[in-house]
Structures are given as structure tokens and as C-alpha cells.
Amino acid sequence: MKYIAPENKLFIENRQRFVSNIKSNSIVIIHSNDEFPKSGDALLTFKQSPDLFYLSGIDQEQSILILFPDSPILAYREVLFLKQTNERIAVWEGHKYTKEEAKQASGIESIFWLDEYEAILNLLLNYAENIYLNSNDNDRYSHTVPYRDLRLALDLKNRFPLHQYNRAAPIFRKLRAIKSEIEIAQIKTACQITESAFRRVLKFVKPEVTEYEIEAEIIHEFIKNRATGHAYNPIIASGASACILHYNDNNKVCYDGEVILLDFGAEYANYNADLSRSIPVSGRYSERQKQVYNAVLRTMKFATGILQPGILLDEYQKEVGNFMESELIDLGLLDRQEVLKQDSAMPLYKQYFMHGTSHFLGLDVHDLGNRYQKLEEGMVLTCEPGIYIPKEGLGIRIENNLQLTKNGNIDLMASIPREIEEIEELMNS
């Protein structure tokens, strides 16, 4: 791990909150993510399950957490199982957690090696009535790969068919949406590292630079500041490529007169930042680029003003869409009379602003949260309106990360330049 681990108070409190939401006499089993093959004997870089990390702080493959608050054996109310290291693993893979290090990271006293898992699990299941198992219930995910949680759930249900099985995912969705002070601190660090990378890019960009060179500047700044790396595949989209929402090729030359849409964020301690900015290759926006940029910026400021506890995301999106509609009319992209006759189920603004304005942010870039319940204090969301005009080869998106509080919201990226004058000054200084 490059990052400084959060204090284990975070994970102790997360476990307390989780078990307060389960039925009596229940056992909870949470697994680490799979290790995925790359080719031959190589593996893709391991990424821990956000749910296991949320409850334990353990950032290592082949880890299993058992929670059984009503266990008749006190030592087995919280149990962590880890891959045992040996001389060969130490030589080929490097350091793994010792039991003492795992205790310090997680706040869990009972640490065992994986070869003891089956015996302890079989013992505990004799005294549990309910079993909580995890699954990927992110509503943006479409299941195509038989991942570890599902495989092991099917195996367990085959071996122990008479227990009552329950889903852990709805509890995670409720709890992970509300960030604690320690979690907010990790997200702030990710935002600060992201800001450093953006300021580096502003000094670096000039005509004829390539998108991949810009990407290299970003990852340099990330790693230098102890980030794990990118929170997601970065978008470095110059010219017309900015109208491709998930453009990841990052292989083109950036030409004088174009705008580059940057969408990137650092991952720090498994928590993520998510930034978008649109900057001129030459260091100066054209008049038309300024018009479109300021329309997006005004929409962002409007959206930021109404994104607060108590609002439903559907209502919020409708209000933002109405505001954007007016901006698009002023830009000459929509006709006012046609807007008056439009199908409300498919508003015309979606031709130029086709994605949502905000999503939850945290251990996942598109983090868990209920989009159909009112927003609450402690949530962190993005705010990212955009205008995309393929016929003009121009796409503008501006995005910051907001922490909701009882008094409105706090912009965690408020110090990152977004005004035209700020960006131009820094690019030309």
C-alpha cells in the first residue's frame, strides 16, 4: 500500500453499525475480491472489495471476515481469516499482513490463517439461524462474470440448505452512502491529489501535445502523492473526442484551437475523487468556447445550490434540466418554440446533455446509495453538467465533489480552478 492507512476506529464503528442492522442470531460472511488472470501466469492488479475494506480495513487478496455478534464463543464474534505468508511468497510476492498488523489495521482481535476457515465456519454455523452473504447490487452493474461472492454463496447454500439466507448488500447501500469524518478525510486527500495533478496539467498543455502525454503527467502526480493510482480510466479527450462520454483511447494529438475535456480522479486509501475540467489547448478560449463553457458553469453553480439534504435526485435532475434547457436556447442550440412542444418524457436538452448531473461517490466512483430516497447529510456526490456539440467538435464538462451537510453542501474541490480567467491565467503564467 502506498497510502497511509486510516485509523482502525473507522472500521470498528462500521462493523458496529452493520451488525446493528442484522437479525438476531445471524452470521455475516464477507469475502475479498477475486484475483483476475491477465495472461499466462500474470494477474491483473488486485483491487479489494469495497465492502470488505469498509468493515475491516484489510487491503489484501484471499481475506474473509466473519461477524457473529451472538456467537456463544466470545472470541468468534469477529473473526478475520488471512492468507498465510511463507518464505516463497515473501520472495515472489512481497510482504503480507502479519496477525499483529491485521489486528492493528482492523481492530479485530481474532485473526486466523485461511486453513482454519472451514473448521471455524462449520462450528459457528451450528449456532446461527441466519446467514448474511454479499453480492454486487450496484444498480449500474449487469452480472456477466461469476465472481467470488456468488460462487461461494452457491457452494454454501448447497452445503447448508436449511439456514435462512439474507442479503448484506441492502445494509451496505444504506450505511456506505453516509460518510463518517474519517471517510470524508480520505476523500479530501484524494481531491487534493487530483488538484495537484490538474494544476500540473495546466502548466504542461500546449499545442501538439498528445493526450497520452497528459495522462502520463497525471499519473506521475498521483503516484508521487501516494495515491494508489487512477480512480477510474482517465478521459483525456481533445476536440470532437470530448463528445464521446467514456472516451478512453487518449491517443490523439491536441491541436491549437481545440478544447480538451479532462475527466480523472485519484484513488487514495480506496476512496475516490472525480474531477472534470475543459481547458483550451492554446491557453485561451475562443468566444464560442467561452459561451458554451460559461453556460455549463452557470448550470453547475445552479445545480450546486440545490443539491442538499431532502431533495430527490429525480426532482433535482428535472430542475437542472430545465435550467440547462434555457442555456441551450441562449446558445442557439435549441429552438424555444420546439421546446414548448417537446415530449416531456424525452426533453430536447438531452441531445446536448444526455447524462445525469450527480452520482454518489466514495469507495466506488459510482458509489452505493439509494437514488429513489431523499438525500441525507453525510452523503458525497458529484456535480457534473456538460454540453456536447459534435457538429462543432466541442464538448464541455465541469465536475466537482460535494459533501452534503445540514446547512447545504461543502465543495471538496472548491480550490480547484474552474473559472475561465483562472484557467487562462495559470496556463499562461
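Select strands β7 and β8 (residues 164-167) to begin: the two run parallel and are joined by four bridges, and the model in which they appear is a predicted one. Within this pairing, Ile131 of β7 stands opposite Tyr165 in β8. Add helix α6 (residues 148-159) to the selection, and the three elements together, β7, α6 and β8, can be followed as a right-handed β-α-β unit.

Keep β7 (residues 130-133) selected and turn to its side chains, where Asn130 and Tyr132 lie on one side while Ile131 and Leu133 lie on the other, and all four are buried, with both faces of the strand covered.

Next, bring in β1, which runs parallel to β7 and is joined to β7 by four bridges; here Ile27 is the residue that stands opposite Ile131.

From β1 (26-31), follow the chain into the loop that leads to β2 (37-39), and select Phe36, which has its place in that loop. Is Phe36 buried or exposed? Neither word fits, because its relative accessibility is 37% and Phe36 therefore counts as partly exposed. Adding Leu44, Tyr141 and Val145 to the selection completes a nonpolar surface patch, to which Phe36 also belongs, of about 330 Å².

Finally, move to helix α1 (residues 9-19) and select Leu10, Phe11, Asn14, Arg15 and Phe18, which are the buried residues of this helix. Looking along the axis, one finds that they cover an arc of only 130 degrees around it, so they are placed on the same side of α1.

Note on methods. Residues are numbered from 1 along each chain as its sequence is written. This is a predicted model: local features need pLDDT of at least 70, side-chain atom pairs count only at pLDDT 80 or more; totals for chains, interfaces and linings use all residues. Side-chain values use heavy atoms; hydrogens and water are left out. Patches are made of residues with over 30% relative accessible area and no salt bridge: like charges are joined within 9 Å, nonpolar side chains (Val, Leu, Ile, Met, Phe, Trp, Tyr) within 5 Å. Accessible areas come from the Shrake-Rupley method with a 1.4 Å probe; for residues, only the protein chains shown count as cover. A salt bridge is a side-chain nitrogen of Lys or Arg within 4 Å of a carboxyl oxygen of Asp or Glu. Buried means under 20% relative accessible area, exposed over 50%, partly exposed in between (1.4 Å probe, protein chains only). The arc is that of the directions from the helix axis to the C-beta atoms. Two strands pair if DSSP finds at least two bridges between them. A crossover is right-handed if, with the strands pointing away from the viewer, the path from the first strand over the helix to the second runs clockwise.
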